[in-house]
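I opened the notebook on this model to see what could be looked up in it and how far each entry could be trusted. The entries follow in the order in which I took them.

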Amino acid sequence: MRVEWKCPTPGLIGYAIISSLHHVFLLTFSVVDIAGLVRGASEGEGLGNAFLSHIGSCDAIFSMMRIFEDPDVSHVDGDVDPIRDTETIFHELRLKDVEYLTNNIEKVAKIVARMGDKDKAAKNEYETMLKARTFAK
């Protein structure tokens, strides 16, 4: 399910007029419901990599957990437990982040080895990714 929402900002137009702004960009959110993350998704369980690739194309993530029982809506783990579900989601996302960082560290390490101190951006990126991976593990 996809929902588009244009954020109403009536004061922005008035501010734009008095401050002589030439361009005004209204904030728009696109919210896409991507269901299906289960324990083991980072290793291909459930919708697995398809789910995680959808997440990878997002600019931001917010999650909503079901906290009610409904006999018409099944749960992959059998019962509703929002704390367990939250832990599962963040654990799987963290594992996918570690995998992403590991793959990219190898690519950037080759550039750093070849270029040395000549490519400071690559060296900084490499060091930052190493720190991020250490933090994410």
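**Methionine 65**

I began with methionine 65, which I found partly exposed because its relative accessible area is 23%, where buried means under 20% relative accessible area, exposed over 50%, and partly exposed in between, with a 1.4 Å probe and protein chains only. I placed methionine 65 in the loop between α2 and α3; helices here are DSSP runs of H or I with at least four residues, strands are runs of E with at least two, and both are numbered from the N terminus. Leaving out residues up to four places away in sequence, I listed Pro82, Asp85, Thr86 and Ile89 as the residues that methionine 65 touches, a contact being heavy atoms within 4.5 Å. I also noted that methionine 65 and aspartate 81 are 16 residues apart along the chain, with their C-alpha atoms separated by 8.7 Å.

**Basis and confidence**

I recorded that this is a predicted model, in which local features need pLDDT of at least 70 and side-chain atom pairs count only at pLDDT 80 or more, while totals for chains, interfaces and linings use all residues. Residues are numbered from 1 along each chain as its sequence is written, and side-chain values use heavy atoms, with hydrogens and water left out. For pLDDT, the predictor's confidence in each residue from 0 to 100, I noted a chain mean of 78, with 65% of the residues at 70 or more. Confidence is lowest in strand β1 (residues 2–6), where the mean is 63, and highest in helix α4 (residues 120–136), where it is 91.

**Chain overview**

I read the pattern along the sequence as β-α-β-α-α-α, which comes to four helices and two strands. Of the 137 residues in the protein chain, 21% are buried. When I took contacts between residues at least 6 apart in sequence, 46% of them joined residues at least 24 apart. The accessible surface, from the Shrake-Rupley method with a 1.4 Å probe and, for residues, only the protein chains shown as cover, comes to about 10,600 Å², and 60% of that belongs to carbon and sulfur atoms.

**Salt bridges**

How many salt bridges does the structure hold? I noted three, each defined as a side-chain nitrogen of Lys or Arg within 4 Å of a carboxyl oxygen of Asp or Glu. Side chains of opposite charge can pair when their charged atoms come close.

I followed arginine 84, in helix α3, to aspartate 79, where the closest N and O atoms of the salt bridge are 3.0 Å apart, and to aspartate 85, where the closest N and O atoms are 3.3 Å apart. Asp79, Arg84 and Asp85 are thus entered as a network of salt bridges. Is arginine 84 buried or exposed? Arginine 84 counts as buried because its relative accessibility is 17%, and aspartate 85 is buried too, whereas aspartate 79 is partly exposed at 36%. Beyond four places in sequence, arginine 84 touches Arg39, His75, Asp77 and Asp79.

The salt bridge between glutamate 99 and lysine 96 has its closest N and O atoms 3.2 Å apart. I noted that these two residues are separated by about one helical turn because they are three residues apart in helix α3. Glutamate 99 is partly exposed, its relative accessible area being 36%.

**Isoleucine 89**

Isoleucine 89, also noted above among the contacts of methionine 65, is found in helix α3 and counts as buried at 18% relative accessibility. Its C-alpha lies 7.8 Å from that of arginine 39, although the two residues are 50 apart in sequence.

**Nonpolar core and surface patch**

Which residues make up the largest nonpolar core? I listed six, namely Leu101, Ile105, Val108, Val112, Ala122 and Met129, a core being a set of buried Ala, Val, Leu, Ile, Met, Phe, Trp, Tyr and Cys residues joined through side-chain atoms within 4.5 Å. The elements giving two or more residues to this core are α3 and α4, and α3 has the largest share, with four. Valine 112 touches Ala122, Lys123 and Tyr126, residues up to four places away in sequence not being counted.

On the surface, I noted a nonpolar patch of about 530 Å² made by Leu27, Phe29, Val31, Phe62 and Met64. Patches are made of residues with over 30% relative accessible area and no salt bridge, like charges being joined within 9 Å and nonpolar side chains (Val, Leu, Ile, Met, Phe, Trp, Tyr) within 5 Å. Phenylalanine 62 lies in the loop between α2 (48–56) and α3 (82–115) and counts as exposed because its relative accessibility is 57%.
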